[in-house]
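Grab a pencil and work through these exercises with the structure open beside you. Try each task before you read its solution.

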Amino acid sequence: RLLAAGGWGRPPRRCLVAMARYSTEQRGRPNSPDYRLYFKNADGKYISPFHDIPLFVGSKEDKEIPAKRSKTTGSEVLFNMIVEVPRWTNAKMEIATEEPLNPIKQDIKKGKLRYVANIFPHKGYIWNYGALPQTWEDPNHTDKNTGCCGDNDPIDVCEIGSKVRSSGEIVQVKVLGALALVDEGETDWKIIALGVDDPEAHKIHGKYIDDVKKHKPGYLEATIDWFQLYKVPDGKPKNHFAFNGEFKDKDFAVEVIKSTHEYWKALLHKKADGGAIKCTNVLVSGSPFCCSEEDARSIVQS
């Protein structure tokens with residue numbers, strides 16, 4: 001569903017549908033601790049990308065729409081992805097889950113801005129990396145598949161298309177599979193997805209993950225290699241995977257996403273303890289954390 005772009009014009013290197021619905025506003029200077037990227041919807045309201053952008057493409061922003069009412073291509077459910085880190089870049093950008101309205105910021109470890117090392121032969125992140133809104137890996141829930149608790153973040157996405165996206169871009173993706181990373185004892189699902197605007201989107205369906213191996217040979221193997229090694233240059237041990245590093249197919253991945261969506265719903269309605277997570281939102285119907293448009297504006301202006 002296209003919403004009017006309000007005279008914004010056609011932005012470079014952005015998905016027109018997504019940008020018709022959302023825009024970003026920068027605060028602070030890139031590559032500095034005070035940098036923040038805030039989000040607005042088509043009505044010009046400041047929103048939380050974590051909570052106010054719907055998980056399912058075609059859902060209304062202010063309603064909780066079950067998957068059966070989601071936009072599909074054939075039998076395919078499409079999801080909104082928030083791009084945090086563009087491919088080939090090194091700055092570890094992420095949704096600030098513990099700040100009101102959850103802008104994108106650069107991660108800080110031990111007082112320093114965080115960058116991932118180049119894992120030979122790769123340069124930075126090897127996909128467009130980001131998250132699915134309205135999902136949450138509950139740290140109080142033990143995943144039945146991995147035996148580990150969730151990592152307290154939205155579920156991660158590796159978008160494997162040919163385009164280099166922008167930080168803050170909202171991309172409509174179809175899910176191809178999932179990889180279960182066990183990171184420092186926590187379950188950290190990595191969803192493998194492809195933008196529906198990608199030139200190869202019509203060829204790669206992901207009913208079986210071998211589809212990806214056929215059309216993008218070596219990419220899944222490189223993904224395993226990258227996640228296993230990316231913390232080693234920082235003096236940490238190799239990461240491990242559930243299922244011996246086997247990629248699960250699309251149907252499995254969609255079920256994982258749906259379960260994290262249910263945990264998010266519990267979080268936004270005070271049925272689960274989110275600890276330091278900020279649940280401030282503008283559009284989630286019935287949420288006790290819902291704030292006014294004026295409050296949201298004052299958060300950004302502060």
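Before we start, one definition: two strands count as paired if DSSP finds at least two bridges between them. Also keep in mind that this is a predicted model.

**Exercise 1. A strand and its neighbours**

Work out how strand 2 is paired, and whether it is enclosed or open.

Solution:
- Step 1. Start with strand 1, residues 22-27, which is joined to strand 2 by 6 bridges. The two run antiparallel. To see the register, find Tyr22: opposite it, in strand 2, stands Asn41.
- Step 2. Now go to strand 3, residues 46-47. Here 2 bridges make the link to strand 2, again with an antiparallel run. Phe39 has Ile47 in strand 3 as its bridge partner.
- Step 3. Look at the connection. Strand 2 and strand 3 make a hairpin, with 4 residues between them. In that turn, Gly44 has a positive phi of about 80 degrees.
- Step 4. Check burial, where buried means under 20% relative accessible area. In strand 2 (residues 36-41), 5 of the 6 residues are buried, so the strand is largely enclosed by the rest of the structure.

**Exercise 2. One side of a helix**

Find the side of helix 5 on which Ala296, Ile299 and Val300 sit, and what the buried residues of this helix pack against.

Solution:
- Step 1. Locate helix 5 at residues 293-301; Ala296, Ile299 and Val300 are buried there.
- Step 2. Look down the axis. These residues cover an arc of only 95 degrees around it, so they lie on the same side of helix 5.
- Step 3. Follow the contacts. The buried residues of helix 5 pack against strand 1, strand 2 and strand 3, so you're back at the strands of Exercise 1.

**Exercise 3. Sorting ring pairs**

Classify the pair Trp127 and Tyr129, then the pair Phe227 and Tyr230.

Solution:
- Step 1. Know what to look for: a pair of aromatic rings is described by the distance of the centres and the angle of the planes. Planes under 30 degrees apart count as stacked, over 60 as edge-to-face and the rest as tilted.
- Step 2. The structure has 14 aromatic pairs to choose from. In Trp127 and Tyr129, the ring centres are 5.8 Å apart and the planes meet at 35 degrees, so this pair is tilted.
- Step 3. For Phe227 and Tyr230, the centres are 6.2 Å apart and the planes stand at 80 degrees, so this one is edge-to-face.
- Step 4. Check how hidden these residues are. Trp127 is buried at 0% relative accessibility, and Tyr129 is buried at 7%. Phe227 is buried at 1%, and Tyr230 is buried at 8%.
- Step 5. Put the pairs together: Tyr125, Trp127, Tyr129, Trp226, Phe227 and Tyr230 form one aromatic cluster.

**Exercise 4. Hunting for disulfides**

How many disulfides does the structure hold?

Solution:
- Step 1. Recall that a disulfide is a covalent bond between the sulfur atoms of two cysteines. The cut-off here is 2.5 Å between the sulfur atoms.
- Step 2. Test Cys149. The closest cysteine sulfur belongs to Cys148 and is 7.4 Å away, which is too far for a bond.
- Step 3. Give the total: the structure holds 0 disulfides.

**Exercise 5. Odd backbone spots**

What do you find when you inspect the backbone at Trp88, Leu101 and Pro121?

Solution:
- Step 1. Set your expectations: most residues other than glycine have a negative phi, and most peptide bonds are trans.
- Step 2. Trp88 isn't a glycine, yet has a positive phi of about 75 degrees. You'll find Trp88 in the loop between strand 5 and strand 6, partly exposed at 43% relative accessibility. Arg87 lies over the face of the Trp88 ring, 5.4 Å from the ring centre.
- Step 3. Leu101 isn't a glycine either, and its phi is positive, about 70 degrees. Leu101 sits in the loop between strand 6 and strand 7 and is buried, with a relative accessible area of 1%.
- Step 4. At Pro121, the peptide bond from Phe120 is cis, with omega about 5 degrees. Pro121 is in the loop between strand 9 and strand 10.

Note on methods:
Residues are numbered from 1 along each chain as its sequence is written. This is a predicted model: local features need pLDDT of at least 70, side-chain atom pairs count only at pLDDT 80 or more; totals for chains, interfaces and linings use all residues. Side-chain values use heavy atoms; hydrogens and water are left out. Buried means under 20% relative accessible area, exposed over 50%, partly exposed in between (1.4 Å probe, protein chains only). Rings of Phe, Tyr and Trp (its six-membered ring) pair if their centres lie within 6.5 Å; planes under 30 degrees apart count as stacked, over 60 as edge-to-face and the rest as tilted. A charge sits over a ring if NZ of Lys or CZ of Arg is within 6 Å of the ring centre and within 35 degrees of the ring normal. The arc is that of the directions from the helix axis to the C-beta atoms. Contact means heavy atoms within 4.5 Å.
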